[in-house]
Amino acid sequence: MAYIPPHKRRSKDDDDNRLPPHKRHSKKSRALRVYMKCAVSDQWFIEADDDDDDQIPADSIRLEPFLGYKSAEWERGGKPFVLVCDSPRSSSSGSTQPWVSITESIWSDLLDSFANMGSAMVPHSHGYSLLKPTLVAKIGNILFHKPPDSAISSRSEAESALADVGKQFCTNLPDSHLEAIFAGAAPKIIADSHQTKEYYRVNVSDKWDPASVISIKCQIICGELKIQKIEKNQQRCFVADFSCLHKDLDLRLMLATKRDLSHLMNALKGDKLKGLRQLVDSAVLDGQVKGGLRWPLGKEHSSDGRYSVVGAWHSTVRTFKNSSLKLRFVNADRFDFCTSDGEIGKEMTLVLKGITDTFIDRVVYMESAMGRLLEALKFVWDHLLDFEQ
């Protein structure tokens, strides 16, 4: 019988028992979203150049079908919508600047989230893992599952009518916009260092810890896939989305942590984590399959049955960075073994490294931290949210 790659196999009823426990009897989306205890999440705001609701003409805000993104998840649930505004940008000089109002709207919750996270940033009692916090600004489009039942006549009405509507943040961006940022704003503002790297990522479920996913970051060295980093899945501590009415794109601010297991790499020579090594060593590089990796039949599970491959990613990452900011351009080919969904995405993320370090070290006054956040958000508003630069 000819070998059939995993992404071309059709699932059968009895295949359900072969899935990891946390995936059985369900077709979940590609991302496993985990929130830290006491996390501040799912906040949504509407932001504009003018913070006076009366400055936006009635009936100028509406939802339109979004045509810039296709995914199997949305095809199953219906076409998404995006919030648009027909009114011109305000030239008023008396209103609060958008990056200031964004900072003011989230500052208290962000402080609380850093405090909650800080209480958990203690090495495991056995020294096995450490938390790595990251504050990022993601650029994309906020997509809505359905339009409201009644017409929207103002920004406040939009916030009320859409507050409970299902949303998703789409990070896939047009090539033209990424290339414009890559050639224009990035070198001018973040020019200390630029590098391009290629990565593969193997996502693995652990039968002993079914609520989490282990992410194994790899690179090709001398023609072979070699492990570079091992992390537990991301835990979200804070998420706030902003629909930017007078911009082409929207904004997400997110504070999250990952549990770094990289210091255990030397232990891979022993029995404890050799199952992870087995999965990486048995992976076959194949540019013709989604995710860039495939496994021979039966090799997608470790020999002891503890670990199973649940996803594969192939990504090219271009990075501009300085001491406080890191702008990442990611071209990613992802495949989910549990849902048999694959997608190719081109994304841009600004990592607010300096702000995170300030909160962790606790040696700088909060005024300084707020100033850094304001500076970073002004950069985002001025350079990253418009298609034409």
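1. In this predicted model, a good place to begin is the pairing of strands E13 and E14, where Lys-321 stands opposite Lys-326 in E14. Further along the same pairing, Thr-319 stands opposite Arg-328 in E14. The two strands run antiparallel and are joined by eleven bridges, and together they form a hairpin with four residues between them.

2. Strand E14 also has a partner in E15, and here again the strands run antiparallel, with eleven bridges joining E14 to E15. To find this pairing in the structure, you can look for Ala-332, which stands opposite Gly-345 in E15. As for cover, E14 is mostly shielded, since eight of its eleven residues are buried. When you follow the side chains along such a strand, keep in mind that in a regular strand the side chains alternate between the two faces of the sheet.

3. The turn between E14 and E15 deserves a separate look. This hairpin has four residues between its strands, and Ser-340 takes a positive phi near 60° there. A positive phi in a residue other than glycine is what has been flagged for Ser-340, which lies in the loop between E14 and E15. Is Ser-340 buried, exposed or partly exposed? With a relative accessible area of 34%, Ser-340 is partly exposed.

4. Cys-222 invites a comparable check, for its phi is near 55°, again a positive value in a residue other than glycine. Cys-222 is found in the loop between strand E7 (209-221) and strand E8 (224-232). Its relative accessibility is 79%, and Cys-222 therefore counts as exposed.

5. Turning to the aromatic rings, a search of the whole structure finds five aromatic pairs. One of them joins Trp-295 and Phe-337, whose ring centres are 5.8 Å apart and whose planes stand at 75°, an edge-to-face arrangement. Why does this pair tie together parts that are 42 residues apart in sequence? The reason is that Trp-295 lies in the loop between strand E12 (293-294) and strand E13 (307-321), whereas Phe-337 lies in the loop between strand E14 (326-336) and strand E15 (341-351).

6. A second ring pair involves Phe-337 as well: the centres of the Phe-335 and Phe-337 rings are 5.2 Å apart and their planes meet at 75°, so this pair is edge-to-face. Taken together, ring pairs link Trp-295, Phe-335 and Phe-337 into a cluster. As for their cover, Trp-295 has a relative accessibility of 0% and therefore counts as buried. Phe-337, at 17% relative accessibility, also counts as buried, because the cut-off for buried is under 20%. Phe-335 is buried too, as is its partner Phe-337.

7. Rings also appear beside charged side chains, and two examples can be examined by eye. The charged end of Arg-334 sits over the ring of Trp-313, at 4.6 Å from the ring centre. In another part of the sequence, the charged end of Lys-167 sits over the ring of Trp-44, at 5.0 Å from the centre of that ring.

8. Helix H4, which spans residues 175-183, shows how cover can be divided around an axis. Within this helix, His-177, Leu-178, Ile-181 and Phe-182 are buried. These four cover an arc of only 130° around the axis, which means that they are on the same side of H4. Which residues are exposed on the other side of H4? There, Ser-176 and Ala-183 are exposed.

9. Some values for the whole chain may help to place these local points. The protein chain has eight helices and 15 strands, and buried residues make up 48% of its 389 residues. Among contacts between residues at least 6 apart in sequence, 69% join residues at least 24 apart. The chain exposes about 19,600 Å², and carbon and sulfur atoms supply 49% of that area.

Technical notes
Residues numbered from 1 in each chain as written. Predicted model: local features only at pLDDT ≥ 70, side-chain atom pairs only at ≥ 80, totals over all residues. Heavy atoms only, no water. Phe/Tyr/Trp six-rings, centres within 6.5 Å; stacked < 30°, edge-to-face > 60°. Buried < 20%, exposed > 50% of the residue type's maximum accessible area, 1.4 Å probe, protein only. Lys NZ or Arg CZ within 6 Å of the ring centre and 35° of its normal. Contact = heavy atoms within 4.5 Å. Areas by Shrake-Rupley, 256 points an atom, 1.4 Å probe, with all protein chains shown as cover. Arc of directions from axis to C-beta. Pairing = 2+ DSSP bridges.
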